[in-house]
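User: Hey, can you walk me through this one? I'm new to this, so plain words please.
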Amino acid sequence: MKKLLAILLSVVMLLSFAACAKEKTPENPVIRMSTTTSVNDSGLLSYLLPYFEDATGYTVEVQSAGTGAAIQKAKDGNADLILVHSKASEEEFVSEGYGVERIPFMYNYFVVVGPKSDPAGVKGSESAAAAFAKIADAKANFVSRGDDSGTHKAELKIWGDNVPDSKSDSWYISAGQGMGACLTMASEKGAYCLTDKATFLANANSLELEIVLSEGEDMKNTYSLIECNPEKLDGVNTEGARALIEWMTGKECSELIAKYGEEQYGSALFYLIEE
Amino acid sequence: MNMDSELLQIIGVTLRMSFFSTVISCLIGMPLGVLIGKSVFKGKRTIKKLTGTLMGLPPVVAGLIVYMLFTKYGPFGSFGLLFTVEVMVIAQCMLIIPVVINLTESMTEINAKKLIETAKGLNFSKLKTSLLLLSENKQSLLSVVLTAFGRSIAEVGAVSLVGGNIQWKTRVMTTAIMLETNKGNFSFALALGIILLLISFVVNILASALVREDEE
């Protein structure tokens with residue numbers, strides 16, 4: 001027992017020496033990032049952030065929730081910056097004074113996924129809007145996020161004036177859940193679904209679904225970084241937030257993002273916005 | 001959320017689900033609890049430990065098991081019950097039956113000895129003795145029922161997994177609260193939580209009034 005304790009103690013001490021040995025530790029080393037589930041579920045941040053943390057000595061605490069909750073948490077003063085994908089909500093966040101500036105920095109495409117048999121004949125549609133019209137005509141099952149998330153808002157925008165009524169149109173299923181749960185439900189019900197490509201590919205093995213439409217012009221999905229405004233919110237780690245934004249929009253990170261997904265899925269999952 | 005009609009619909013589904021979960025769990029769990037409690041047999045302690053352990057079954061795990069059973073290619077997939085209120089009741093029964101058995105059993109054990117002796121003296125049949133046990137413990141049984149109901153109405157992990165939180169179909173108060181929280185409508189979510197508590201309060205009042213009336 002004593003031996004074990006001695007070993008444990010020395011391990012702890014060694015670890016704390018190692019922690020001290022880090023070259024520079026910023027004054028306020030914790031950065032709180034509030035982001036959406038789709039960013040977090042794709043695995044991008046857990047791939048990128050260790051590079052940033054090693055280089056700078058910061059620790060980034062990532063909180064993920066639906067876009068609405070992610071923004072609300074920042075408004076309540078519980079974040080230093082946000083990374084989300086819902087333009088209208090982002091602009092509101094900035095115009096209300098909570099955010100400093102909206103910095104769009106990467107994008108990818110939403111895809112329409114559905115059963116392999118493609119009962120509504122969506123394959124080959126020109127745009128997501130055309131595909132949705134076919135689904136509505138065929139009254140084929142469609143699972144909607146229904147949770148005010150960035151993906152849900154993008155879906156509503158594609159429906160335009162023809163948003164189905166989840167009460168009377170029984171084929172339109174408003175699930176009110178995260179992307180992963182909605183994809184599982186679509187697979188179970190043989191339904192179509194609008195999803196970000198990264199989450200779909202990460203879960204594709206367990207789903208009876210395939211991509212039936214990708215890369216339509218109305219399916220672009222832009223991600224932005226916004227630094228929280230220290231004049232409006234107390235306790236914001238402005239220095240940390242700026243360092244992270246600078247790094248994420250810089251050259252090293254852009255190369256990392258371009259490589260992400262290449263190995264596992266054969267194509268990049270996110271693209272940098274060229275200035 | 002459309003306040004009037006949708007909220008009422010959600011409350012309706014919540015009450016329907018909780019009612020059936022409670023009734024079915026009590027119908028199965030109470031007789032078993034009385035049976036175990038009043039008899040002396042080998043393995044009784046093991047059963048007690050087992051029900052005690054199952055009382056701590058995490059709702060998500062119960063949901064997961066029921067999900068695996070009712071998924072499209074699962075053993076019961078052909079029933080097409082996934083994402084319905086029925087399957088939510090099944091998942092909840094899995095959670096609540098052990099609670100009902102365990103509580104009923106403990107309650108019976110305390111009172112059984114004396115009562116059984118009396119019943120023997122009066123030459124009661126086994127069934128009659130069991131019924132006597134139940135009726136003599138009405139107050140305690142009521143709290144078992146209310147515990148079952150409380151667990152059912154407040155549960156979120158299992159019902160969101162197997163029910164799917166589908167609007168106008170399987171959305172209940174707890175999953176609606178979860179949804180509003182995810183949307184960032186924290187104060188509205190809290191308001192829904194207060195409504196849920198009020199519903200629980202009304203049910204408690206009705207239940208205890210029912211028992212009191214019965215006793216008078």
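Analyst: Sure, one term to begin with: two residues are in contact if their C-beta atoms, placed from the backbone, lie within 7 Å. This is a predicted model, where local features need pLDDT of at least 70, side-chain atom pairs count only at pLDDT 80 or more, and totals for chains, interfaces and linings use all residues. Residues are numbered from 1 along each chain as its sequence is written, while chains are lettered from A and ligands numbered from 1 in the order in which they are written.

User: OK, so which residues is A:Tyr192 in contact with?
Analyst: Leaving out neighbours within four places in sequence, A:Tyr192 contacts A:Val112, A:Val113, A:Gly114, A:Val122, A:Ile135, A:Ala140, A:Asn141, A:Phe142 and A:Ala186.

User: And which residues touch the most other members in the largest nonpolar core?
Analyst: A nonpolar core is a set of buried Ala, Val, Leu, Ile, Met, Phe, Trp, Tyr and Cys residues joined through C-beta atoms within 7 Å. A residue is buried if 20 or more other C-beta atoms lie within 10 Å of its own, exposed if 12 or fewer, and partly exposed in between, with C-beta atoms placed from the backbone. The largest core has 79 residues, and those touching the most other members are A:Val112, A:Ala186, A:Tyr192, A:Cys193, B:Ala91, B:Val100 and B:Val162. Helix H4 (residues 85-121) of chain B gives the largest share of this core, 16 residues. There's also a second, separate core of 36 residues, which includes A:Leu44, A:Ile71, A:Ala74 and A:Ile245.

User: How many helices and strands does chain A have?
Analyst: Chain A has 12 helices and 10 strands. Helices (H or I, at least four residues) and strands (E, at least two) are DSSP runs, numbered from the N terminus. The C-alpha trace of chain A spans about 70 × 50 × 35 Å along its principal axes, and 43% of its 275 residues are buried.

User: What domains is chain A divided into?
Analyst: There's domain 1 (26-107 + 223-272) and domain 2 (109-219) of chain A. Those bounds come from an automatic or database domain assignment. The C-alpha centres of the two domains of chain A are 27 Å apart. Where they touch, domain 1 of chain A puts in 14 residues and domain 2 of chain A puts in 15.

User: Which helix gives the most on the domain 1 side?
Analyst: H2(A) does, with three residues. That side of domain 1 of chain A divides into three nonpolar, 10 polar and one charged. For those labels, Ala, Val, Leu, Ile, Met, Phe, Trp, Tyr, Cys and Pro count as nonpolar, Asp, Glu, Lys and Arg as charged, and the others, Gly among them, as polar.

User: Switching over, what about chain B?
Analyst: Chain B has nine helices and zero strands. Its C-alpha trace spans about 65 × 45 × 25 Å along the principal axes, and buried residues make up 39% of its 216 residues.

User: How many residues does each chain bring to the contact between A and B?
Analyst: Chain B brings 18 residues and chain A brings 18 residues. On the side of chain B that touches chain A, helix H8 (residues 173-183) of chain B has the largest share, five residues. That side of chain B splits into six nonpolar, nine polar and three charged.

User: Is A:Asp148 buried or exposed?
Analyst: A:Asp148 counts as buried because 22 C-beta neighbours lie inside 10 Å. A:Asp148 sits in the loop between strand E5 (142-144) and helix H7 (150-159) of chain A. Its phi is near 60°, a positive value in a residue other than glycine.

User: And B:Asn123, buried or exposed?
Analyst: B:Asn123 is exposed, since it has 7 other C-beta atoms within 10 Å. B:Asn123 is in the loop between H4 and H5 of chain B, and its phi is near 65°, again positive in a residue other than glycine.

User: Where does A:Leu233 lie?
Analyst: A:Leu233 is in the loop between strand E9 (220-228) and helix H10 (238-248) of chain A. A:Leu233 is partly exposed because 18 other C-beta atoms are within 10 Å. Not counting residues up to four places away in sequence, A:Leu233 touches A:Gly77, A:Tyr98 and A:Cys228.

User: Last one: where is confidence lowest in chain B?
Analyst: In helix H5 (residues 126-136) of chain B, with a mean of 80, while helix H3 (residues 59-70) of chain B is highest at 95. That's pLDDT, the predictor's confidence in each residue, from 0 to 100. Chain B averages a pLDDT of 90, and 98% of its residues score at least 70. The model scores ipTM 0.80 and pTM 0.82.
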